[in-house]
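Me: Please take a close look at one part of this model, a pair of packed helices, and describe carefully how the two are arranged and which residues bring them together.

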Amino acid sequence: MERAEVLQVLRDKAVEMLEVEADDVQEDKSFVEDLKVDSLSLVEFTMELEDTLGIELPEEELVDVKTIGAFLDVIVGKTAAASNADG
Amino acid sequence: MDQAGDLLDRDCAHLLLNADADELRATAQAQLATYLMSLLVWRSLPPLDVVVVAGHSLGELTALVVAGVLTPEAGLLLVAERGAAMQQAADAAPGAMAAVLGLSDEVVAEVCAGMDGAWPANSNAPSHVVISGTVDGVAAAGLALRGAGARRVLPLPVGGAFHTPLMAPARSRLEVALRAAAYAPPRVPVLSAVTVRDHGPDVAGLLSQQLTAPVRWREVLETLPGRGVERVVELGPGGVLAGLVKRTLPGMAVMSVAAPEDLARL
């Protein structure tokens with residue numbers, strides 16, 4: 001999947017599950033610091049993305065992720081690996 | 001807030017306006033702040049056609065005030081005593097809690113039954129159970145639950161084994177205050193998350209049991225559509241309960257009122 005495509009999925013899900021505005025879901029923002037999302041909601045959101053995109057996002061790979069852009073980097077890497085494995 | 005402060009001889013306005021996360025992590029302070037915020041929100045609401053009220057753990061006291069069973073003042077004194085009793089029990093026997101995502105109530109109960117010092121403490125939503133117990137018990141149960149297929153085990157920032165048998169000392173202390181309180185008949189039904197039935201005459205008994213019994217929140221929510229509930233309104237900070245409603249009752253209208261700007265959406 002293209003990065004822009006993944007961002008769109010992430011943004012739609014964030015609006016649906018996290019009570020945030022689509023315009024606030026920007027790559028330089030942090031879900032926790034800027035959008036005030038609590039840790040439990042963020043974990044449920046991550047699990048929903050795993051289901052939607054058919055990937056796994058282990059906690060240990062997200063420890064250093066501070067911004068939505070960094071989160072996107074990890075997801076894009078996973079979807080690329082998943083489609084390579086499929087093909 | 002000044003009234004509440006006079007009643008408790010402490011600075012309630014400070015607690016709501018200035019206290020930081022560390023100060024609020026102490027359960028006694030967190031409970032007072034949550035109760036006061038929730039009642040402030042309730043008082044600012046326009047009249048609603050209320051079918052039933054319910055509260056998660058501490059929130060059951062707020063629900064009883066909303067239903068007129070307890071006066072706000074009586075509720076405040078009980079919340080203060082409840083928080084102090086739980087804090088004392090937690091200081092004497094430190095505990096921990098963790099949210100377990102991705103396993104059913106039954107599997108979590110089965111795994112905990114085979115371990116020391118860990119119990120299911122909240123059934124919050126489908127595949128969302130909170131366990132509670134000793135620090136070692138919860139850590140060991142967390143690993144066992146991962147092994148049993150849990151997708152995530154998330155430690156919660158609390159220091160006590162709330163809603164487990166380890167809270168028995170808190171019950172004896174709270175019962176003194178519960179016996180001294182006055183209870184009026186409810187204006188609207190109040191669901192108990194201990195029994196998943198409406199509160200009857202023994203309000204004090206259920207509020208005591210609550211400290212050592214699991215919070216059956218998912219089951220409470222599942223009764224709502226059958227009672228004609230068309231919308232769930234969460235009072236107070238966080239928005240966590242609104243999320244649990246969405247997960248448990250897909251399609252139910254739900255909103256969380258934590259601040260004055262949320263009122264415009266009602």
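Reply: Because the axis angle exceeds the cut-off of 145 degrees, helix 6 of chain B and helix 9 of chain B count as roughly antiparallel to each other. The model is a predicted one, and in it the axes of helix 6 (residues 72-92) and helix 9 (residues 168-180) of chain B come within 8 Å and cross at roughly 160 degrees. As for handedness, helix 6 of chain B passes helix 9 of chain B in a right-handed crossing.

On the side of helix 6 of chain B, the residues that meet helix 9 are B:Leu77, B:Leu78, B:Glu81, B:Arg82, B:Ala85, B:Met86, B:Gln88, B:Ala89 and B:Ala92, while helix 9 of chain B contributes B:Pro169, B:Ala170, B:Arg173, B:Leu174, B:Ala177 and B:Leu178. Taken together, the residues of this contact between helix 6 and helix 9 of chain B divide into 11 nonpolar, 1 polar and 3 charged; B:Glu81, B:Arg82 and B:Arg173 are among the residues that meet there.

Beyond this helix pair, chain B also touches chain A, in a contact that takes 9 residues from chain B and 8 residues from chain A. The elements of chain B that give two or more residues to its side of that contact are strand 2 (95-101), strand 5 (152-156) and helix 12 (240-248), and the residues on the chain B side divide into 4 nonpolar, 3 polar and 2 charged. The partner, chain A, has 3 helices and 0 strands.

Key
Residues are numbered from 1 along each chain as its sequence is written. Chains are lettered from A and ligands numbered from 1 in the order in which they are written. This is a predicted model: local features need pLDDT of at least 70, side-chain atom pairs count only at pLDDT 80 or more; totals for chains, interfaces and linings use all residues. Axes are lines fitted to C-alpha atoms, for helices over the stretch in contact, and angles run from 0 to 180 degrees between N-to-C directions. Helices (H or I, at least four residues) and strands (E, at least two) are DSSP runs, numbered from the N terminus. Angles under 35 degrees count as roughly parallel, over 145 as roughly antiparallel, 65 to 115 as roughly perpendicular and the rest as oblique. A crossing is left-handed if the near helix is turned anticlockwise from the far one by less than a right angle, and right-handed if clockwise. Two residues are in contact if their C-beta atoms, placed from the backbone, lie within 7 Å. Ala, Val, Leu, Ile, Met, Phe, Trp, Tyr, Cys and Pro count as nonpolar, Asp, Glu, Lys and Arg as charged, and the others, Gly among them, as polar.
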